[in-house]
Amino acid sequence: MHIAVVGLSHRTAPVEVREKLSIAEQSMGQSLQKIKESSQVLEVSILSTCNRLEIYTLVRNPDQGVTAIKEFLSSHSGLPDEQLSPHLFVYNQEEAVAHLMRVAAGLDSLVLGEGQILSQVKKMLRLGQEHKSMGPILNRLLTQAVSTGKRVRSETNLGTGAVSISSAAVELAQLKLAQSLGRDQMMTLESEKVAVVGAGRMSRLLIQHLQSKGCNGVILLNRTLSRAETLAADFPDFRIQCRLLEELDDCLINCSLVFTSTAADQPIIDASRLSQLKRSNSLRLIDIGVPRNISADVSDLSDVESHDVDDLQEVVSRNQEARKQLAMEAEVLLEEEGRLFLEWWDSLEAVPTINLLRASLESIRSEELQKALSRMGPDFSARERKVVEALSKGIINKILHTPVTKLRAPQTRVDRQEALRQVESLFDLESQTDGK
Ligand SMILES: NC(=O)c1ccc[n+]([C@@H]2O[C@H](COP(=O)([O-])OP(=O)(O)OC[C@H]3O[C@@H](n4cnc5c(N)ncnc54)[C@H](OP(=O)(O)O)[C@@H]3O)[C@@H](O)[C@H]2O)c1
């Protein structure tokens with residue numbers, strides 16, 4: 001059995017490719033089911049976020065298993081293999097485990113140490129359990145990744161003061177405002193008329209950061225008005241006007257800065273929509289949705305400035321140097337956690353051989369016991385029979401204790417496999433291990 005992860009992230013694929021692979025929560029069950037239809041796949045779980053789509057899997061054969069996952073990704077995205085493959089990464093065994101630990105800790109994130117990724121790894125674990133697509137190995141791996149993510153944030157300073165995609169988006173707005181006015185310093189957003197489209201987790205963070213960056217208030221648009229109102233109620237000291245999404249055109253006419261962060265699977269703003277509006281002001285759009293909420297054709301319009309999640313790199317890289325040192329502290333913990341998982345997993349490798357060894361000795365014991373008992377004849381009382389039976393079991397258990405403990409003990413994979421091979425050979429278990 002083999003652990004592999006196949007996926008892509010902001011490091012390997014631009015947003016126009018990532019958005020084709022993103023899997024919404026409501027279709028996660030169907031995707032997991034489809035992957036499990038492959039006879040190669042024993043366990044599977046999917047991490048789908050704005051910056052990555054990663055499929056963690058336990059497969060029978062590494063090459064065939066990874067091919068099955070790639071076929072799924074190609075059919076799901078509609079991208080032929082030759083277009084998709086250059087963006088995919090594949091990690092196997094120890095590398096796959098180490099990668100997940102880094103992801104959960106936020107070390108592979110666009111914004112180093114950001115906190116949202118840990119919730120997303122928790123969600124991957126929950127969905128895998130709910131849809132019963134995982135077995136004991138991935139369950140253990142993902143549970144350990146979640147606890148590693150928590151540990152890194154509590155035992156290092158990586159999580160302290162970490163920025164998020166939303167705070168980076170607000171910072172990008174400040175930077176672009178300053179650049180448009182020819183200023184070197186970051187500017188507050190008090191002069192901007194701001195709208196936020198969407199009222200989910202990311203919009204909440206956007207509003208927090210807008211408030212802290214001197215913005216005077218926002219118009220909050222959402223498909224469901226009550227959700228926007230609930231969000232607004234959590235910011236009693238900030239002026240938030242809640243509107244239905246139907247009023248978007250009005251905002252696009254009157255606002256100078258519009259953030260979009262909805263989970264819509266199609267763009268909600270495109271060039272044709274904007275061209276039809278009679279606008280007199282400049283308009284800056286910042287879209288953190290993946291799939292994108294703002295169509296790429298908006299970049300053709302000369303009077304609109306539009307940015308997507310990949311453009312955040314510009315502000316993120318300014319903050320990263322200081323965080324890199326903190327990331328190095330976390331690496332030590334990640335190594336330890338990865339090793340603990342691998343030791344546990346390796347020790348499972350011994351289980352089938354140990355079971356065969358027990359079964360083989362048990363069969364010898366019961367056969368020899370029957371022979372002995374039949375030789376003793378009817379004079380042997382039931383109580384005496386029990387004593388002899390217990391004696392024979394006790395001897396077998398004592399003989400097995402040391403080899404079983406040694407086979408399960410932490411050791412290198414090569415050493416364990418060699419020890420298992422010798423036990424199988426010495427006790428002639430090999431013929432019975434074929435179906436293992
Ligand atoms: N979570 C993260 O860490 C993260 C990071 C970066 C970017 N993003 C991206 O940001 C976006 C929002 O993420 P989130 O975590 O804030 O999501 P969320 O908490 O689930 O909120 C989803 C929001 O999208 C709206 N929405 C869903 N489908 C819609 C549709 N068809 N048309 C219009 N509005 C729709 C919802 O409106 P209702 O209230 O009416 O349902 C809600 O306001 C996603 O594209 C995500 O990929 C997320």
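## An exposed isoleucine and its patch

Ile 399 counts as exposed, because its relative accessibility is 51% and the cut-off for that class is over 50%. Its place is in helix H15, which covers residues 382-408. Keep in mind that this is a predicted model.

Ile 399 also has company at the surface: together with Leu 391 and Ile 395, Ile 399 forms a nonpolar patch. The accessible area of these three residues together is about 290 Å².

## Cysteines

How many disulfides does a search of the whole structure find? The search comes back with zero. Cys 251 is in no disulfide, and the nearest cysteine sulfur, which belongs to Cys 255, is 4.6 Å away. A pair would need its sulfur atoms within 2.5 Å to count as a disulfide.

Is Cys 251 buried or exposed? Cys 251 is buried, since its relative accessible area is 1%, and buried means under 20%. Cys 50, at 21% relative accessibility, counts as partly exposed.

## Helix H5

Now to helix H5, which spans residues 93-105 and has 13 residues. From its first C-alpha to its last, H5 reaches 19 Å, close to the 18 Å expected at 1.5 Å a residue.

Which residues of H5 are buried? They are Gln 93, Ala 96, Val 97, His 99, Leu 100, Met 101, Val 103, Ala 104 and Ala 105. Just past the helix, H5 is followed by Gly 106, and the phi of Gly 106 is positive, near 85 degrees.

Methods. Residues are numbered from 1 along each chain as its sequence is written. This is a predicted model: local features need pLDDT of at least 70, side-chain atom pairs count only at pLDDT 80 or more; totals for chains, interfaces and linings use all residues. Side-chain values use heavy atoms; hydrogens and water are left out. Patches are made of residues with over 30% relative accessible area and no salt bridge: like charges are joined within 9 Å, nonpolar side chains (Val, Leu, Ile, Met, Phe, Trp, Tyr) within 5 Å. Accessible areas come from the Shrake-Rupley method with a 1.4 Å probe; for residues, only the protein chains shown count as cover. A salt bridge is a side-chain nitrogen of Lys or Arg within 4 Å of a carboxyl oxygen of Asp or Glu. Helices (H or I, at least four residues) and strands (E, at least two) are DSSP runs, numbered from the N terminus. Buried means under 20% relative accessible area, exposed over 50%, partly exposed in between (1.4 Å probe, protein chains only). The expected span of a helix is 1.5 Å times one less than its number of residues.
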